[in-house]
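User: I would like to learn how to read the features of a model like this one, step by step. Could we take them in turn, with the general idea ahead of the particular case?

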Amino acid sequence: MTEAILLVGGQGSRLRPLTSHTPKPLLHVAGVPFLAHQLARAAEAGVGRVVFATSYLAELFEPYFGDGERFGLHLEYVTEDQPLGTGGAIRNAARRLRGGPDEPVLVFNGDILSGLDIAALRDGHRASGAAVTMHLTRVPDPRAFGLVPTDADGRVLAFLEKPESPDQLVTDQINAGCYVFTRSAIDRIPDGRVVSVERETFPGLLASGEFVRGVVDDTYWLDLGTPAAFVKGSADLVRGVVPSPALPGPVGEALVLDGADVHPDAVLGEGTVVGEGAHIAAGAVVNGSVVLPGARIAAGARVHRSVIGRHSVVGADCVLDSVVVGDGATIGAGNELPSGLRIGCGATLAAEAVRTSAAPIPCTAQSLASSGVPHASPAAR
Ligand code: GTP
């Protein structure tokens, strides 16, 4: 049985205010907590036991996932008193692993959506004899990332900091946030202090001549850490661009969860998800967005590529493009909010307080009534 560690202790600061009360891995993506998608894919790959390395809002994980039985997994939870960084968290969580020193251990960042063949990564690692195998992905613009060049045999040659000049752009390969460690390599990470795998553990293994293997995989890959990536990842799951066994309904242009109330004259599309108990009024147009449980979008509002927080309200005829509305916030009627704006949890914006000349929001979807968007039941509750 393969064991895995899920790194879920980060603060998710780039997604604030959504992460003010909910850790990033528990935010609903395509209708279920993001981790439900990751756990389902791990189970499919033959993972049997997962240790959650928690820190920020640690107490919120176990009530949802429990012992893991309904996911076909055995789950354990380990909490850091102080965040230990990615490497320190792996070392700390390894206390609950049962495999021997030569066994492979999968490690996942808790915010990566990918189409990677996890079983193939693990099996290739076993056969290679490497200390660590890491999933690498290629990005069109690698300037914002640390780079990981490899040789023709997949041997990692270096871990390079973000390139500062064109001559430092030696590869477009970056660390994709999924690893297979040989258990004994985890045991060599220092215990009880902050360690970064990216900055300390992996470069240290290279410096001591260990075999660190990189596997470039060009299937779907997305780090859901920013609002734009978060809505894209959710929409891609809803539309089936990236498959997930945890999707709580059929693939389509929109996903409406059980208990949501969408007026037949509302228009949903581009992978929008409407959470349980949310309400979309007549004439509202919601495209490519995540409407979290209990949120309300009033008549005539147009919402594009935005996240509408739990139990928040978007007033009539508002226009939102690439906006994040925190939980419990209220946007008064007639506001036109500029792209990139974030509204804090519980904040109230008076009617017509902001009127940017927003570009017209494209509408490619059909009305709910004519497109026959099905209502779906969440599978993983
Ligand atoms: P930002 O604050 O927006 O950068 O997000 P983040 O806190 O999630 O950080 P980042 O995306 O760099 O983290 C990568 C993965 O490691 C995520 O799954 C985090 O939950 C996890 N992580 C980061 N730091 C820690 C830590 O100190 N402890 C644990 N247990 N996990 C961590």
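**Reading the model**

Analyst: Let us start from a single residue, His125, which is found in helix α4. Please keep in mind throughout that this is a predicted model.

User: Is His125 buried or exposed, and which side chain does the side chain of His125 join in a polar contact?

Analyst: Burial is read from relative accessible area, with values under 20% counted as buried. His125 has a relative accessible area of 3%, and therefore counts as buried. Its side chain is joined to that of Thr182 by a polar contact of 2.8 Å.

User: How many residues does the largest nonpolar core have, and which of them have the most contacts inside it?

Analyst: In soluble globular proteins, nonpolar side chains tend to be buried together. Here the largest nonpolar core has 29 residues, and Val50, Phe52 and Phe65 are those with the most contacts inside it. Among the elements that give two or more residues to this core are the strands β1 (2-7), β4 (47-54) and β9 (173-182), together with the helices α2 (61-65) and α4 (118-128). The element that gives the most is α1, with five residues.

User: Which residues are closest to the ligand, and which atoms of the protein lie at short range from its polar atoms?

Analyst: A ligand site can be read in two steps, the surrounding residues and then the individual atom pairs. The ligand is surrounded by 19 residues, of which Leu7, Ser13, Glu80, Gly85 and Gly110 are the closest. A nitrogen atom of the ligand lies 2.9 Å from a backbone N or O atom of Ala53, while an oxygen atom of the ligand is 3.3 Å from a polar backbone atom of Leu84. For Asp111 the pair involves the side chain, with a polar atom 3.2 Å from an oxygen atom of the ligand. Taken alone the ligand exposes 610 Å², and the protein buries 81% of that.

User: How many disulfides does a search of the whole structure find?

Analyst: A disulfide is a covalent bond between the sulfur atoms of two cysteines. The search of the whole structure finds zero disulfides. As for individual cysteines, Cys178 counts as buried at 6% relative accessibility, and Cys318 is also buried, with a relative accessible area of 0%.

User: In what order do the strands of the open sheet of five strands stand, and which strands are at its edges?

Analyst: A sheet is read by following the pairing from one strand to the next. The order of this open sheet is β14-β17-β20-β23-β26, and the pairing is parallel. At the edges stand β14 (267-269) and β26 (336-337), each with a single partner strand, so one side of each is left without a neighbour in the sheet. Within the sheet, β17 (residues 285-287) and β20 (residues 302-304) pair in the parallel sense over three bridges, with Val285 standing opposite Arg302.

User: What is the order of the six strands in the other open sheet?

Analyst: The six strands follow the order β13-β16-β19-β22-β25-β28, with parallel pairing. Its edge strands, β13 (261-262) and β28 (348-349), each pair on one side only. Two bridges join β25 (residues 330-331) to β28, and Ile331 stands opposite Leu349.

User: Which way do the residues of strand β12 point?

Analyst: From β12 (residues 254-257), Ala254 and Val256 point one way and Leu255 and Leu257 the other, and all are buried. β12 pairs in the parallel sense with β15 (residues 272-274) over three bridges, where Val256 stands opposite Val274.

Methods
Residues are numbered from 1 along each chain as its sequence is written. This is a predicted model: local features need pLDDT of at least 70, side-chain atom pairs count only at pLDDT 80 or more; totals for chains, interfaces and linings use all residues. Side-chain values use heavy atoms; hydrogens and water are left out. Two strands pair if DSSP finds at least two bridges between them. Helices (H or I, at least four residues) and strands (E, at least two) are DSSP runs, numbered from the N terminus. A disulfide is a pair of cysteine sulfur atoms within 2.5 Å. Buried means under 20% relative accessible area, exposed over 50%, partly exposed in between (1.4 Å probe, protein chains only). A residue is near a molecule or strand if one of its heavy atoms lies within 4 Å of it. A polar contact is a pair of N or O atoms within 3.5 Å; within protein, one must be able to donate a hydrogen and the other to accept it, and residues adjacent in sequence count only if both atoms are side-chain atoms. Accessible areas come from the Shrake-Rupley method with a 1.4 Å probe; for residues, only the protein chains shown count as cover. A nonpolar core is a set of buried Ala, Val, Leu, Ile, Met, Phe, Trp, Tyr and Cys residues joined through side-chain atoms within 4.5 Å.
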